[in-house]
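Here is an informal walk through one protein model with its ligand. Have the viewer open and follow along.

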Amino acid sequence: MSETATLILDGAEHRLPIVKGTAGERAIDVSRLRELAGCITLDEGYVNTGSCQSAITFVDGEKGVLRYRGIPIEQLAKHSTFVETCWLLIYGELPTREQLKCWSALFTKYEMIHEGLYHHFDGFPATGHPMAILSAMINAMSCYEPDLMEMEGPAIFQAAAARLISRLRTIAAASYKTSIGQPIIYPKPHLDYCSNFLHMMFSIPFADYEPEPDVVDALQLILILHADHEQNCSTSTVRMVASSGANMFASCAAGVCALWGPLHGGANAAVVEMLQYIHDNNIDPADYVARVKDKDSSLRLMGFGHRVYKTYDPRATLLKERADQLLARLKRVDPLLEIAKRLEDIALNDPYFRERRLYPNVDFYSGVILRAIGIPVNMFTVIFAMGRMPGWIANWKEVRDSQSALYRPRQIYMGPTERDYVPIEQRGDGGCLAP
Ligand code: SDX
């Protein structure tokens, strides 16, 4: 007999099935609740609500565990590459030698974008936000790939996935070059994923950028660590859009928009802006933490806290180590790293943060590494999106393969009860707010 939960409502008992995950998590299946008990659940922000059953990524927020298809993130960070991790997330197993060879070859084959797409960059102002451009260009790219819109069959899907992941870096680099008034640099087929991106970002027509191996490795780590993270805001957005039957490009473009927010993927830029503000204004980190704790201030310690991790984010551990290592290898000192470490030390010894179980998350140290690589702050979240793309595609595929129902939550209506239409002459004289 499978485990059940009993709900008693209006004197009636309702038995609801318990769903148990492979890692032992349990959920009360309320999919028939409205039919059985005439009511729905309400959970603002989905703090306690599972939207799906997924086999892609497992997070244990209490223990600080993160596994992609069962493999601990620490092992992937040590042994894998971003291209290999993309295959693992999308197909569920590490690729064979042959699979990795042809998957990498697809990334090379598809690294260029249609020449017509480059004209779109002329239409964006130099001050256009790179996340707006990225989202727009993903959908624009799909206009040149009509064969990928229907997604019939595994071969078409694989081509679409490789094109999207490979070309995302080409689009990101082109938007950067356009924004600084430099000529766009084309990809080079002999370069690996990360080296090619750095080449497109920092080479100039008469001087190729030769990245230090440590810089390439650091970018590779950033992309692997950002590749997926169960049902975060942007991945849930991708699944929501995918559930309507929308194509992969539209779903992932929506994911870029959700990721943009400062409470989510935009936090990596917000962390560096926070550290820079503290540095430029010579603020004692202890004073800044005191301001954050002041209930009258809307300040948050960006890069701290997480909806799921109630302990140290395992990605932050790896990123903190790599930030130290990269700066040492480059023989550089970044005062922002020292400020970040000081803030962490103060916060982790402060009851406000300990009681709320607020620890550094993936965004707290990633920006220091991106700065050392030379990525401008307004592109930090673009790098996050580049890393997250395989996770979004894997979730898009899982929604498609499972023939998931359309995601359509219910609500509890709190608006006016029924009332009559009022003729305009009886409506008073309030005006508009906009200038
Ligand atoms: C990512 O979901 C994912 O997996 C996301 C991600 C991924 O890989 O996709 O891991 C990537 O988005 C990481 C998070 C990046 N965001 C930030 O660093 C922004 C700063 N952090 C927060 O705003 C906050 O911690 C959230 C949004 C991340 C999580 O917030 P919750 O779970 O909704 O918790 P909450 O806002 O209800 O806060 C609970 C309490 C509140 O205090 P009280 O009302 O109880 O007095 O904790 C406080 C909050 O004020 N709090 C903070 C804080 N985060 C929470 N106080 C100060 N600084 C903070 N950073």
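Let's begin with how the chain folds back on itself: of the contacts between residues at least 6 apart in sequence, 70% join residues at least 24 apart. Keep in mind that this is a predicted model.

**Overall build**

The secondary structure amounts to 19 helices and six strands. The radius of gyration is 24 Å, close to the 22 Å that the globule rule gives for 435 residues, so the protein is as compact as a globular protein of that length. If you are setting up a box, the C-alpha trace spans about 75 × 65 × 60 Å along its principal axes. Buried residues account for 47% of the 435 residues. As for the outside, the protein exposes about 22300 Å², and carbon and sulfur atoms supply 53% of that area.

**The ligand site**

Now to the ligand. There are 24 residues around it, and the ones that come nearest are His 229, Arg 300, His 306, Arg 315 and Arg 388. By residue type, this shell divides into ten nonpolar, seven polar and seven charged. Three polar contacts to the ligand are worth putting side by side:

| Residue | Protein atom | Ligand atom | Distance |
|---|---|---|---|
| Leu 263 | backbone N or O | nitrogen | 2.9 Å |
| His 264 | polar side-chain atom | oxygen | 2.9 Å |
| Arg 315 | side-chain N or O | oxygen | 2.6 Å |

On its own the ligand has 1100 Å² of accessible area, and the protein covers 77% of this. Arg 315 turns up twice here: it is among the residues that come nearest to the ligand, and its side chain has an N or O atom 2.6 Å from a ligand oxygen. Leu 263, on the other hand, takes part through a backbone atom.

**A helix on the inside**

Which helix should you look at for burial? Try α9, residues 193-202: ten of its ten residues are buried, so the helix is largely enclosed by the rest of the structure. The buried set includes aromatic names such as Tyr 193, Phe 197 and Phe 202, along with Ser 195, Asn 196 and His 199. What does α9 pack against? Its buried residues meet α3 (82-91), α4 (97-109), α8 (154-179), α10 (213-225), α18 (363-373) and α19 (380-401). At the start of α9, a side-chain oxygen of Asp 192 comes to within 3.0 Å of the backbone nitrogen of Cys 194.

**Around the first strands**

His 14 sits in strand β2, residues 12-20. Is His 14 buried or exposed? With a relative accessible area of 13%, under the 20% cut-off, His 14 counts as buried. Leaving aside residues up to four places away in sequence, His 14 touches Ala 5, Thr 6, Leu 7, Leu 9, Leu 36 and Ala 37.

Asp 10 lies in the loop between β1 (4-9) and β2. Its phi is near 50°, a positive value in a residue other than glycine. At 75% relative accessibility, Asp 10 is exposed.

Tyr 46 also has a positive phi, about 55°, although it is not a glycine. Look for Tyr 46 in the loop between α1 (33-37) and β4 (57-60). Its relative accessible area is 53%, and Tyr 46 counts as exposed because the cut-off is over 50%.

Note on methods. Residues numbered from 1 in each chain as written. Predicted model: local features only at pLDDT ≥ 70, side-chain atom pairs only at ≥ 80, totals over all residues. Heavy atoms only, no water. Near = heavy atom within 4 Å. Polar contact = N/O pair within 3.5 Å; in protein donor to acceptor, adjacent residues only side chain to side chain. Areas by Shrake-Rupley, 256 points an atom, 1.4 Å probe, with all protein chains shown as cover. Nonpolar A, V, L, I, M, F, W, Y, C, P; charged D, E, K, R; others polar. Helix = DSSP H or I, 4+ residues; strand = E, 2+ residues; numbered from the N terminus. Rg over C-alpha atoms; globule rule 2.2 N^0.38 Å. Buried < 20%, exposed > 50% of the residue type's maximum accessible area, 1.4 Å probe, protein only. Contact = heavy atoms within 4.5 Å.
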